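Here are my notes on this model, written as numbered points so you can follow along in your viewer. I hope they help you find your way around.

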Amino acid sequence: MTEANAYSLLFEPVQIGPVTARNRFFQVPHCNGMGHVRPQGEAAMRGMKAAGGWSVVSTQETEIHPTSDLSPFAENRLWDDRDIPALRLMTDAVHDKGALAAIQLVHNGNHAQNLTSRAPVLAPSDMSLDHPFPKQARAMDKADIRELRRWHRNAAIRAREAGFDIVYVYAGHSMTVAQHFMLPHMNHRSDEYGGSLENRVRLTRELLEDTREAVGDTCGVAFRFAVDEMLGSDGMQAAEEGRAIVEMLAELPDLWDVNVCEWANDSATTRFQPQDGYQNDYISFVKSLTSKPVVGVGRLTSPDMMLSMVTKGIVDFIGAARPSIADPFLPRKIEEGRIDEIRECIGCNICVMADSVGAPIRCTQNPTMGEEWRRGWHPEQIAPKERETEALVVGGGPAGLECAMQLARRGYEVTLAEAADVLGGRVLRESRLPGLGAWARVKDYRLNDLTQRANVNIYANSRLDAEQVLELGIPNAFIATGARWRADGVGRNTLRKPPTISGAVNVLTPDDIMDGTLPPDGPVVVYDDDHAYIAGVIAEKLALAGHDVVFVTPESTVSSFAALTLEQRRIQARLIELGVEIRCNQVLRSLDGQAMQIACSYSDRLQSIACTSAVLVTERTRETALFEALQGKGLTTLELIGDASGPALIADAVFAGHKAARDFERPAEAVEQDWFRREITDLKNEVL
């Protein structure tokens, strides 16, 4: 039996009501920051998933009415018939590659702010919005409920007209009015839509029945349902009301798409939920209660785990959002026995971050994600070389590895030199910190590819100076020498008043910690003016090592950026559990004697923290000496990439390496003028 045949069960067709999926791989609905604002990008991105072998490709949330306006976030819209052509782009792209297209209709209740429509916000009962915005939702009366059902039914009809094969009713992630009616803490009604569980489920039952009637026998009806809020007795639990709801509605939908909520639980990062299939314990009961197919998720990247879930009767479909983002061709690679070529999701949630700020999707592992239409990038294809020539890549971190791999795929002779004894750069070093082990997949995927190519020479322990680079005689050099953390405390909040550092305090940086240098005995202050994940994970590492740790930040929360990756609350809770003292809204002023002087971000009131060591997490200094020494030395190509060009996220470094390889030997004028295609609306409101 070949490796591909070992997973043949995953490639059996499955019936979903009146339609048939060609295999068991199901891209569940997920946001991509394009939606109704960038419909060409939306269509191309979903079409790429279909080309990669996903049998069902879903939209993101699709607003059904102006009272469910999610602006400024670019979700899909189906408010009226004018929205059909944009969605038809997506269904055509998906159908062209042989997959089914699914649409997730939604009314978001008090999760919508209606900032563009300025419509009233609707909810089961009077309540605040679930955003920190001074606005409240009003309780829906019977007329509102009738209107909601009409809006949803009309949207289902329009979805059918737009070419969708599967239409969703959505009750999950604490984001939808259907789910809000189910939850007693949000539903205080005393009519037939409140009180008992049967009454609280009534609206969902009606939406499912209405959708079935609207689409007839042309589309499958899917139900996305969060079976557990993961709040214990304070919320819906899979073993209690979650199970009871499945029993009530068991045969109504054609497909059950089950998960947990909130979003931070459903899309947990590997830092806090490292296991594939981590939702299985919550959803495994569903198939025993319905004859309809079930799709489940859980950051599934292992074919063995997928096969096990199907053979054990947990699911019929392997659902994926993030793994389909990291590798749109995951199903095809499994089918063809190319398991080692899978670009595994690392669970960093940079894809979520992009949606959280209203930007187009991106991915640490897959730099082509979101670039399918606007740049014409394909995750598995790249233009062949223009001519016979060689390229040198200096630096084996994320930018250097990606650049070298893509240059090699184009057919160039590539030399990759790394100063350290192992390749991986910051990816390798950061993956050794608590909870970040999966991040090593960024390195592993690229090294696995590079080491199998005859046109690549890799040299570790090879720190090169300008003279040595020139002696190699390679005319094209890409410099990916990275960046180092500053040790002077200068950062975004100390630019005007740089701190003074003197005395006996032992000053360390994240580089020191990752290189294995730990503080001596005594209290340690971790000062975070970076606000991403590094300071929090270093504080965790030091606390686990037995140090007394004080965490200081100018922000009002620990690791504030991590709210965008759905893990800020977990980070702060973890530090509290470990006994880390947290001082927010404080700016570094000095390190003097054996103390850190800090000032209130608002009042400038000073206070002192006794410490023997301080870890300063502020800014990084670009390592550009080699690049500068090579300028004007006659190289045909000399390009600075990754953190050496602009310190940022690992995803940005990978993207920079990828773009450099694609742009190599393109005319500079073309690169500058053709940055990327934009979706521009003309005066007739037609997408150009």
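1. Let me start with a strand pair. Ala-391 has Val-414 as its bridge partner in β16. The two strands involved, β15 (residues 390–394) and β16, run parallel and are joined by five bridges. Strand β16 covers residues 413–417, and four of its five residues are buried, so this strand is mostly covered. Please keep in mind that this is a predicted model.

2. A smaller piece of sheet is worth a look as well. Three strands form an open sheet in the order β7-β9-β8, and the pairing in this sheet is mixed. Strands β7 (122–123) and β8 (127–128) stand at the edges with a single partner strand each, so each has one side without a neighbour in the sheet. Between β7 and β9 (residues 136–139) there are two bridges, and these strands run parallel. Ala-123 finds its bridge partner in β9 at Ala-139. As a reminder, strands of a sheet pair through backbone hydrogen bonds, in either a parallel or an antiparallel manner.

3. Next, a residue that links distant parts of the chain. Ala-320 lies in strand β14, which spans residues 317–320. Is Ala-320 buried or exposed? Its relative accessibility is 2%, so Ala-320 counts as buried, the cut-off being under 20%. Val-28 is 292 residues away from Ala-320 along the chain, yet their C-alpha atoms are separated by 5.7 Å. Beyond its neighbours within four places in sequence, Ala-320 is in contact with Phe-26, Gln-27, Val-28, Trp-54 and Val-297.

4. The nonpolar interior comes next. The largest nonpolar core has 80 residues, and those with the most contacts inside it are Leu-10, Phe-25, Phe-223, Phe-225, Trp-256 and Ile-334. A second core, separate from that one, has 38 residues, including Val-526, Val-537, Ala-543 and Ile-571. Trp-256 is a good residue to click on: setting aside residues up to four places away in sequence, its contacts include Phe-223, Phe-225, Ile-245 and Leu-249, and also Lys-292 and Pro-293. In soluble globular proteins, nonpolar side chains tend to be buried together.

5. Now the cysteines. How many disulfides does the structure hold? The count is zero. For Cys-261, the nearest cysteine sulfur belongs to Cys-31 and is 15 Å away, and Cys-261 is in no disulfide. Cys-261 is also buried, with a relative accessible area of 1%. The sulfur of Cys-403 has its closest cysteine sulfur in Cys-363, at 18 Å; that is too far for a bond, because a disulfide needs the two sulfur atoms within 2.5 Å. Cys-403 is buried too, at a relative accessible area of 0%.

6. Finally, the overall picture. The protein has 22 helices and 30 strands. Its radius of gyration is 27 Å, close to the 26 Å that the globule rule gives for 688 residues, so the protein is as compact as a globular protein of that length. Along the principal axes, the C-alpha atoms fill a box of roughly 75 × 65 × 60 Å. Of the 688 residues, 59% are buried. Among contacts between residues at least 6 apart in sequence, 70% join residues at least 24 apart. The accessible surface comes to about 26,500 Å², and carbon and sulfur atoms account for 47% of it.

Methods: Residues numbered from 1 in each chain as written. Heavy atoms only, no water. Buried < 20%, exposed > 50% of the residue type's maximum accessible area, 1.4 Å probe, protein only. Pairing = 2+ DSSP bridges. Rg over C-alpha atoms; globule rule 2.2 N^0.38 Å. Contact = heavy atoms within 4.5 Å. Areas by Shrake-Rupley, 256 points an atom, 1.4 Å probe, with all protein chains shown as cover. Core = buried A, V, L, I, M, F, W, Y, C linked by side-chain atoms within 4.5 Å.
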